[in-house]
Amino acid sequence: MLPELPAAQPIGVFDSGIGGASVLRELHSLLPGENLLFLADQAHVPYGPRPVAELRALSAVNTRWLLAGGAKQVVVACNTASAAALQWLRAEFPGVPFVGMVPAVKPAAAQTRSGVVGVLATPATLDGELLDEVVLRWAGGTTVVRQACPGVVEQIEAGALDAPETLAMLRGFVQPLLAAGADTIVLGCTHYPFVARQIQRLAGPGVRLIDAAPAVARQAARVLDERGLRNPDVSRAGRIHYATTGDRAAFARLLQLLRLPPGTISEAHG
């Protein structure tokens, strides 16, 4: 059998867990003919509390796994890993087209009416230079209130989207942003779109939520076009393969609960 042409190879996507599938969902919607290879590193979820050196090591392992699977592009669908490792990965894997998550502060600053923007994220994202750079560049006249959300990723990974504990957590994280006058809230972790409905209900109809995933999908498409890597075969829907370093059956249940695009599923080891 002839090998696949580079353009027919998959877009690789990784995250610490199921969160990055919020980006995969947007990629599949925007680029329905592209094959997608998704790696959820659930053996090490959450990434948020881990030090930079460990995040870089985990990101390198994930990248090698995706490249071994034929990935033509790597989307770092994790805000924490992007903040800690994106530039480092580009240096470590020259020639590999990487696309990462950038906190959506720019559109938030453009849309706020109160002049106050809230950012919900993991501690590593909030402490990272990437967020500082984005705020400095695009939100000079805006007050940006940062709120760490420990425990939310674990609740989503457990499928406990509407559990009382999850709602209590979210209420405690959203309330300080509202008290500070935020009318726009950035979802600064790829897991959080899966509880956007709950956050919106707590924040109220006058608050706008901003998810970076659609913009990241558009950037991935631009990079494919720049490199001549977009799949020219639009006669069929792209294939999706999910892999997890955790439990396959639990991951399959989570995919169904979150109504994610169907695909094949395997366990990834090492």
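In what order do the strands of the open sheet of 6 strands stand? Select β4, β3, β1, β2, β9 and β10: that is their order, and the pairing is parallel. Strands here are DSSP runs of E with at least two residues, helices are runs of H or I with at least four, and both are numbered from the N terminus. Two strands pair if DSSP finds at least two bridges between them.

Before going on, note that this is a predicted model, in which local features need pLDDT of at least 70 and side-chain atom pairs count only at pLDDT 80 or more, while totals for chains, interfaces and linings use all residues. Residues are numbered from 1 along each chain as its sequence is written, and side-chain values use heavy atoms, with hydrogens and water left out.

**The sheet of 6 strands**

Colour β4 (98–100) and β10 (264–267). These are the edge strands, each with a single partner, so one side of each has no neighbour in the sheet. Next select β1 (residues 11–15) and β2 (residues 36–40), which run parallel and are joined by 5 bridges. Asp15 has Ala40 in β2 as its bridge partner.

Now add helix α3 (residues 79–92), which lies across β1, β3 (73–76) and β4 and runs at about 160° to β4. Such angles run from 0 to 180 degrees between N-to-C directions, with axes fitted to C-alpha atoms, for helices over the stretch in contact. Contact means heavy atoms within 4.5 Å.

**Glu34**

Go to the loop between α1 (21–30) and β2, where Glu34 lies. Glu34 is buried (under 20% relative accessible area, 1.4 Å probe, protein chains only), at 2%. Its side chain reaches the backbone nitrogen of Asn231 at 2.7 Å. Leaving aside neighbours within four places in sequence, the contacts of Glu34 include Lys72, Leu224 and Arg239.

**The sheet of 4 strands**

Select β6, β5, β7 and β8, an open sheet in that order with parallel pairing. β6 (143–148) and β8 (208–211) are at its edges with a single partner strand each, so one side of each lacks a neighbour in the sheet. β5 (residues 116–121) pairs with β6 over 6 bridges in the parallel sense, and Gly118 stands opposite Val145 in β6.

**The largest nonpolar core**

A nonpolar core is a set of buried Ala, Val, Leu, Ile, Met, Phe, Trp, Tyr and Cys residues joined through side-chain atoms within 4.5 Å. The largest has 70 residues, and Ile18, Leu27 and Val75 are among those with the most contacts inside it. Show helix α10 (residues 213–227), which gives the most to this core, with 7 residues.

Key
Buried < 20%, exposed > 50% of the residue type's maximum accessible area, 1.4 Å probe, protein only. Polar contact = N/O pair within 3.5 Å; in protein donor to acceptor, adjacent residues only side chain to side chain.
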